[in-house]
Amino acid sequence: VLLPVPFTSITVSSIGERGLLGVAFDPAFATNGYVYVYYTATTPTVHNRVSRFRATGDLAMAGSETILMDLEPLGATNHNGGAIHFGKDGKLYVAVGENAVPANAQTLSNRLGKILRINADGTIPADNPFYTTATGDNRSIWALGLRNPYTFAFEPLYGGMFINDVGQNTFEEINQGVAGSNYGWPSTEGPTTNPEFRSPSYFYGH
């Protein structure tokens, strides 16, 4: 039943593909009440953000928003990504689009076009695959080479990740999520024989 009072209200930029894009419950929600959201914040510049709220009953506690991650400022209104889910390892995974700048997907100097992995409190796990090669917040990068992975899911029995990546001119991809993988965008779309890139588990044409 749709309740008359919203859980919380968030100010977002909703132009194009921006907005409130992801919601996840803490694995220990029954005891800590934590709810995580991915949304397009408007200040100080437009950018995507991951925040945590604390529920009390059906409402978020006033003033309970804790900002865990502020991503890079946005230019284009599309390719925001936005899916967030907890893995069986208790870490929060965040899918981020390359903001319509393909080169973003292949660099460790920003978090766009990536799957990110953080602890539930927003800190970065030291066992992330690029922890020693990236710097600062970019150490949260878990996989790269993605165009706009706005949905992904964990297989519920064994915990394997499947990343859905939107193609440009040829193929849609379903990729197996593996730490440290490079899925090839923009150098490749669909299957590839390049050993530097991980081919999709399944792909289909537009």
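A nonpolar core is a set of buried Ala, Val, Leu, Ile, Met, Phe, Trp, Tyr and Cys residues joined through side-chain atoms within 4.5 Å. With that in hand, here is a friendly tour of the structure above, which is a predicted model. Its largest nonpolar core has 19 residues, and Leu-92 and Val-94 touch the most other members. Beyond that core, the tour visits an open sheet of 4 strands, a set of aromatic pairs and a few buried residues, among them Ser-13 and Tyr-38.

**The nonpolar cores**

- Six named strands give two or more residues each to the largest core: β2 (34-41), β5 (66-73), β6 (84-86), β7 (92-96), β8 (114-118) and β9 (141-144).
- Apart from this core lies another one, made of 11 residues that include Ala-95, Ala-143, Met-161 and Tyr-183.
- What does Leu-92 touch once residues up to four places away in sequence are left out? The list runs through Ala-24, Tyr-36, Val-50, Ile-84, His-85, Phe-86, Leu-116, Arg-117 and Ile-118.

**The open sheet of β10 to β13**

- Four strands make up this open sheet, in the order β10-β11-β12-β13, and their pairing is antiparallel.
- Why is one side of β10 (151-154) and of β13 (202-205) left without a neighbour in the sheet? Both strands stand at the edges and have a single partner strand each, so one side of each has no neighbour there.
- From one strand to the next, the twist averages 15 degrees.
- β10 pairs with β11 (residues 161-165) in the antiparallel sense over 4 bridges, and within this pairing Phe-154 stands opposite Met-161 of β11.
- The hairpin of β10 and β11 has 6 residues between the strands, and in it Gly-159 takes a positive phi near 90 degrees.
- On its other pairing, β11 meets β12 (residues 171-177), again in the antiparallel sense, over 5 bridges.
- Asn-164 has Ile-174 in β12 as its bridge partner, and the hairpin formed by β11 and β12 has 5 residues between the strands.
- Which residues of β11 lie on its covered face, and which on its uncovered face? Met-161, Ile-163 and Asp-165 are on the covered face, whereas Phe-162 and Asn-164 are on the uncovered one.

**Aromatic pairs**

- How many aromatic pairs does the structure hold? There are 7 aromatic pairs.
- One of them joins Tyr-93 and Trp-142 edge-to-face, at 5.2 Å centre to centre and with 85 degrees between the planes.
- Tyr-93 belongs to strand β7 and Trp-142 to strand β9, so this pair ties together parts that are 49 residues apart in sequence.
- Both Tyr-93 and Trp-142 are buried.
- Phe-152 and Phe-154 also form an edge-to-face pair, with 5.8 Å centre to centre and 80 degrees between the planes.
- Phe-152 has a relative accessible area of 4%, so it counts as buried, the cut-off being under 20%.
- Ring pairs link these four residues, Tyr-93, Trp-142, Phe-152 and Phe-154, into a cluster.

**Ser-13 and Gly-19, before β1**

- Ser-13 sits in the segment before β1 (20-25), and Gly-19 has its place in the segment before β1 as well.
- Is Ser-13 buried or exposed? Ser-13 is buried, at a relative accessible area of 8%.
- The side chains of Ser-13 and Arg-18 are joined by a polar contact of 3.3 Å.
- Setting aside neighbours within four places in sequence, Ser-13 is in contact with Arg-18, Gly-19, Thr-40, Thr-42 and Val-46.
- Gly-19 counts as buried at 5% relative accessibility.
- Not counting residues up to four places away in sequence, Gly-19 touches Val-12, Ser-13, Ser-14, Tyr-38, Tyr-39 and Thr-40.
- Gly-19 and Val-166 are 147 residues apart along the chain, and their C-alpha atoms are separated by 18 Å.

**Tyr-38 in β2**

- Tyr-38 lies in strand β2 and is one of the residues touched by Gly-19.
- With a relative accessible area of 0%, Tyr-38 is buried.
- A polar contact of 3.5 Å joins the side chain of Tyr-38 to that of Asn-48.
- The C-alpha atoms of Tyr-38 and Gly-82 are separated by 6.0 Å, although the two residues are 44 residues apart along the chain.

Definitions and conventions
Residues are numbered from 1 along each chain as its sequence is written. This is a predicted model: local features need pLDDT of at least 70, side-chain atom pairs count only at pLDDT 80 or more; totals for chains, interfaces and linings use all residues. Side-chain values use heavy atoms; hydrogens and water are left out. Buried means under 20% relative accessible area, exposed over 50%, partly exposed in between (1.4 Å probe, protein chains only). Contact means heavy atoms within 4.5 Å. A polar contact is a pair of N or O atoms within 3.5 Å; within protein, one must be able to donate a hydrogen and the other to accept it, and residues adjacent in sequence count only if both atoms are side-chain atoms. Two strands pair if DSSP finds at least two bridges between them. Axes are lines fitted to C-alpha atoms, for helices over the stretch in contact, and angles run from 0 to 180 degrees between N-to-C directions. Rings of Phe, Tyr and Trp (its six-membered ring) pair if their centres lie within 6.5 Å; planes under 30 degrees apart count as stacked, over 60 as edge-to-face and the rest as tilted.
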